[in-house]
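Colleague: I would like a close look at a single part of this model, one residue and its surroundings. Please take the helix residue shown here, and then work outward to the rest of the chain.

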Amino acid sequence: MRTVVLSLVAGVFFGGVGGGVAFPTIPTLGTVLGIAPLLVGVILSINRFTRLLMSTPAGDVLDRVGTRRPMILGFFVQGLAPFGYLLGLNPPFGLSHAAVFLVARASWGVGSAFVFVGAFATVTHVTTSENRGRWVGYMRGGQSLGFPTGLVVGGLVTDAYGYEEAFAVAGVAGLFAAVVAYRVLPNVAPDVGGGSSLREIPGLVAADARIGAVGAVNFTLRFLFAGVLLSTVVQYTTRHEISLGGLAGTGTSGLVMAVSVVFVSVTTLAVGRVSDRVGRTATVLPGLGVLAAGFVCTALVPTVTGVVAGVGLVGIGVGMTGPSLLAYLGDIAPGGDVGKLGGVYNVFGDLGSTLGPLVALPLAQYIGLSNEYLACAGLVVVTAAVAASALTADPETVEGVPADD
């Protein structure tokens, strides 16, 4: 179990590096290659859209054929995507730069759907309710650290060598993850006859309030953190003339984002083991409280100290809540539906992170960023009430199927 899960941690980390490299490179490439700003935004977000569409079907495939082959294919697709960025610099067959980048990013989203859902399904199958939180926390920690590492690697390698070298490094990292997966991953066989069909999943979610509550909390986490906070913090620091180390608004906001991501990652690595000992809701509900406090602090104390403390609390709240939620879902998921429900979990999260920026920026123009952050805290309180009422049922069985069956 230890070897399998740690290989997954390495795989999702290096796969995340490839995703992170795109953000400091492709936006600056837009002006060089003549890609319109709106189209650059579509290129950066299309991977999340394709993952949103593919997560549940990917879970269905994993439940039907086992986890090994789909996950290895997903890792290889992720690893090849950055080489698609290289093709985008000099497109073949008369294709446009934008078209090649769009296909590469969309392919990365498809591969990541199989990787993320497969990682959850594999960890769930090889662990029990007594140790699942610990290993889910490690796996999610690898995911959360891979993306910011890619941001740093992409920026540094591009500055030192160039775009081609940055994309090549990302591709090599992704293919390394695929090789590790090929060598180590077991084939977690599906439960023959034990799962629901894909079209039955909405009914399964509707029938168990706990599954819906897990999805709702994950939606709120991604909506507020990846959606609202990360898309508005640059405006907030600029408007209140908040500066770190003499940096301008953009540089300061980058450091503030880094603070929040570091707190998410560190807390994610630690909280899973705690949830194994004290229970999932014992970390989820306090985590939501810390998340709300972070938004209140950021809204009411528009200073360097207030903002750093606020985003730090937001990061801690996200880190306390996410791994425990995923471990809880693994506890209650019927054996034949682990992959599909993992896909549902990702759909809620991707939907939240997609809608967040669309809502956050226009709303800030009408009510102001401070009031918007207070409204975010209010949404967390409502979500906590939903979680408190729904996640208190016995997690050991669902419809008579043991969680670790």
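Modeller: Glycine 356 is buried, at a relative accessible area of 0%. The model is a predicted one, and this residue sits in helix α12, which spans residues 338–367. Leaving aside residues up to four places away in sequence, glycine 356 touches Phe223, Gly227 and Val228. Arginine 222 is 134 residues from glycine 356 in sequence, yet the two are 7.8 Å apart in space, C-alpha to C-alpha.

The wider setting is a protein with 13 helices and two strands. Of its 405 residues, 53% are buried. Among contacts between residues at least 6 apart in sequence, 84% join residues at least 24 apart. Several individual residues illustrate such approaches across the sequence.

Arginine 210 belongs to helix α8, residues 209–239. With a relative accessible area of 8%, arginine 210 falls under the 20% limit and is therefore buried. Its C-alpha atom is separated by 5.5 Å from that of leucine 391, although their positions lie 181 residues apart along the chain. Valine 308, in helix α11 (residues 304–332), is partly exposed at 27% relative accessibility. Between valine 308 and valine 256 the C-alpha separation is 6.4 Å, and the two are 52 residues apart along the chain. Leucine 6 is placed in helix α1 and is partly exposed as well, with 43% relative accessibility. Leucine 6 and tyrosine 138 have C-alpha atoms 7.9 Å apart in space, against 132 residues in sequence.

Tyrosine 138 leads on to the aromatic rings. The count of aromatic pairs comes to nine. In one of them, phenylalanine 14 and phenylalanine 176 meet edge-to-face, with 5.1 Å from centre to centre and 80° between the planes. Phenylalanine 14 is part of helix α1 (residues 2–33) and phenylalanine 176 part of helix α6 (residues 163–184), so this pair ties together parts 162 residues apart in sequence. Phenylalanine 14 is partly exposed, its relative accessible area being 27%. Phenylalanine 176 is also partly exposed, at 44%. Another of the pairs joins tryptophan 135 and tyrosine 138, again edge-to-face, at 5.3 Å centre to centre and with 85° between the planes. These two rings belong to one helix, α5 (residues 132–160), where they are three residues apart, about one turn of the helix. Tryptophan 135 and tyrosine 138 are both buried. Returning to phenylalanine 14, ring pairs link Phe13, Phe14 and Phe176 into a cluster. A ring can also have a charged side chain over it: arginine 68 lies over the face of tyrosine 182, 5.3 Å from the ring centre.

Helix packing is the next level up. Two packed helices are described by the angle between their axes and the distance between the axes. Helix α10 (residues 281–300) packs with helix α13 (residues 369–390) at an angle of about 170°, and their axes are 8 Å apart. Angles over 145 degrees count as roughly antiparallel, and α10 and α13 are therefore roughly antiparallel to each other. On the α10 side the contact is made by Leu285, Leu288, Leu291, Ala292, Phe295, Val296, Thr298, Ala299 and Leu300. On the α13 side the contributors are Ser370, Tyr373, Leu374, Cys376, Ala377, Val380, Thr383, Ala384, Ala387 and Ala388. By residue class, the contact of α10 with α13 consists of 16 nonpolar and three polar residues, with no charged ones.

One loop residue remains to be described. Phenylalanine 93 lies between α3 (68–89) and α4 (97–126), in the loop that joins them. Most residues other than glycine have a negative phi. Phenylalanine 93 has a positive phi, near 55°. At 81% relative accessibility, phenylalanine 93 is over the 50% limit and so counts as exposed. Glycine 356, where this account began, is buried at 0%.

Key. Residues numbered from 1 in each chain as written. Predicted model: local features only at pLDDT ≥ 70, side-chain atom pairs only at ≥ 80, totals over all residues. Heavy atoms only, no water. Phe/Tyr/Trp six-rings, centres within 6.5 Å; stacked < 30°, edge-to-face > 60°. Helix = DSSP H or I, 4+ residues; strand = E, 2+ residues; numbered from the N terminus. Buried < 20%, exposed > 50% of the residue type's maximum accessible area, 1.4 Å probe, protein only. Lys NZ or Arg CZ within 6 Å of the ring centre and 35° of its normal. Axes fitted to C-alpha atoms, helices over the stretch in contact; angles between N-to-C directions. Parallel < 35°, antiparallel > 145°, perpendicular 65-115°, else oblique. Contact = heavy atoms within 4.5 Å. Nonpolar A, V, L, I, M, F, W, Y, C, P; charged D, E, K, R; others polar.
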